[in-house]
Amino acid sequence: MKDVYIIAAAREVDGIGDLAPVGALEQALADQGLSIPEFVVDPLKAGWDTTTAPGHFRSGCAPLEALEAAARCIDEGKSTAALVSGEDLLRSEYAGRKAERAQAMAIYGEGCSLPEAYTRLSHAFMARQGWSEAQFLALAEALFENYQRTARRRGIPADPAPERYARVTALFRAVDCANPVVDFRGRLLLANAAQAEALGVPPEARIRLAGIGLGRVDEDGPENVEQLARYRHLERAYRRACEEAGVDFAREFLAGQALLEAYTCFPVSPLGLLSASGIATLPEQMQEVLAAREITVTGGMNLARAPWNNPALNALVVMVQELLAERAALGGVHGNGGLGYRQGFAILQRA
């Protein structure tokens with residue numbers, strides 16, 4: 001994307017945060033007589049198998065799909081600006097209705113929970129990689145320690161209750177999974193350079209969407225883990241983003257010149273990204289990377305608290321803030337939908 005910029009990014013979690021920076025520019029656009037398109041990340045209450053409305057996106061990859069659609073709208077000249085938004089009020093809307101919330105999250109039916117489905121996927125991934133269960137569990141431990149280091153740097157509570165270290169399945173502890181019950185709102189405002197200039201947003205306050213790639217396979221679910229575990233569609237999405245941005249993101253990340261937000265719902269998701277991107281492919285290489293580099297800017301889904309379809313939107317907001325603070329010139333954000341049938345990777349660049 002040569003001329004698409006994120007000109008404002010904001011979030012609110014359990015009432016903490018401020019959406020006003022985006023709202024002020026939205027109002028300025030309205031004052032100019034512009035009605036801009038909005039691309040929406042669906043909340044849990046929208047359902048999983050119901051019809052998705054035009055301009056709406058669903059799954060953990062939805063924020064990147066919405067970002068790509070918004071950017072394409074600007075790139076093709078259909079609008080000079082566009083909004084990406086997500087809201088899920090799991091704490092307040094489901095207060096006292098835990099069973100109803102759990103049922104809505106049982107997207108593979110009563111016979112297979114998400115942790116059980118991801119356990120099957122992880123076994124298929126291990127078999128393809130030639131890993132032992134002990135190697136996988138050691139990497140899961142290293143991943144969580146990596147998230148904790150980031151969370152502590154950000155001042156986020158990083159020590160879950162002892163019972164959350166107990167195993168949910170043969171492969172996963174509660175700390176390895178993520179489904180926080182919080183109220184979340186997030187917004188990204190995108191614009192081309194001319195519109196950013198007209199709004200008074202200087203170049204140093206803009207983050208360019210340098211590249212974005214999406215990949216998917218046709219069928220999701222635990223019966224398709226053999227295909228999903230190949231992560232070929234993630235590799236395609238990653239390569240497309242790198243080609244569009246004109247960068248070797250893995251090289252920049254390993255050199256400490258780029259920030260990363262891997263999708264961390266279960267250990268197999270970030271491990272799939274490390275492998276598909278070429279950042280690290282062997283267990284010992286992954287251990288080295290996890291010891292040397294933070295693979296999230298948020299502290300991960302497990303600690304950073306964004307619900308259901310919104311973790312990647314939360315990550316995009318934080319990544320924009322980190323790049324504006326000049327922690328690096330490049331940032332990569334990963335999205336993973338369902339059991340991994342939708343994949344996305346976006347590369348952001350400080351303008």
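The following exchange explains how several descriptions of this predicted model are reached.

User: What kind of model is this, and how are residues numbered?
Analyst: The model is predicted, so local features need pLDDT of at least 70 and side-chain atom pairs count only at pLDDT 80 or more, while totals for chains, interfaces and linings use all residues. Residues are numbered from 1 along each chain as its sequence is written, and side-chain values use heavy atoms, with hydrogens and water left out.

User: Why is Gln148 called buried?
Analyst: Buried means under 20% relative accessible area, exposed means over 50%, and partly exposed lies in between (1.4 Å probe, protein chains only). Gln148 has 9% relative accessibility and therefore counts as buried. Gln148 belongs to helix α6 (residues 133-154); helices (H or I, at least four residues) and strands (E, at least two) are DSSP runs, numbered from the N terminus.

User: What makes the approach of the Gln148 side chain to Ala158 a polar contact?
Analyst: A polar contact is a pair of N or O atoms within 3.5 Å; within protein, one must be able to donate a hydrogen and the other to accept it, and residues adjacent in sequence count only if both atoms are side-chain atoms. The side chain of Gln148 reaches the backbone oxygen of Ala158 at 2.7 Å, so the pair meets the distance limit.

User: Which residues is Gln148 in contact with, leaving aside its neighbours within four places in sequence?
Analyst: Contact means heavy atoms within 4.5 Å. On that basis, Gln148 is in contact with Ala158, Asp159, Pro160, Tyr165 and Leu303.

User: Why does Ala193 count as partly exposed?
Analyst: Ala193 has 24% relative accessibility, which lies between the two limits, so Ala193 counts as partly exposed. Ala193 is placed in helix α7 (residues 193-198). Beyond its neighbours within four places in sequence, Ala193 is in contact with Asp3, Tyr5 and Arg206.

User: How do you know that strand β1 is largely enclosed by the rest of the structure?
Analyst: Of the 9 residues of β1 (residues 5-13), 8 are buried, so the strand is largely enclosed.

User: What makes β1 and strand β6 a pair?
Analyst: Two strands pair if DSSP finds at least two bridges between them. β1 and β6 (residues 183-191) have 8 bridges in the antiparallel sense, so they satisfy that rule. Within this pairing, Arg187 is the bridge partner of Ala10.

User: Why do β1 and strand β7 also count as paired?
Analyst: β1 and β7 (residues 207-216) have 2 antiparallel bridges, so the requirement of at least two is met. Here Ile6 stands opposite Ile207.
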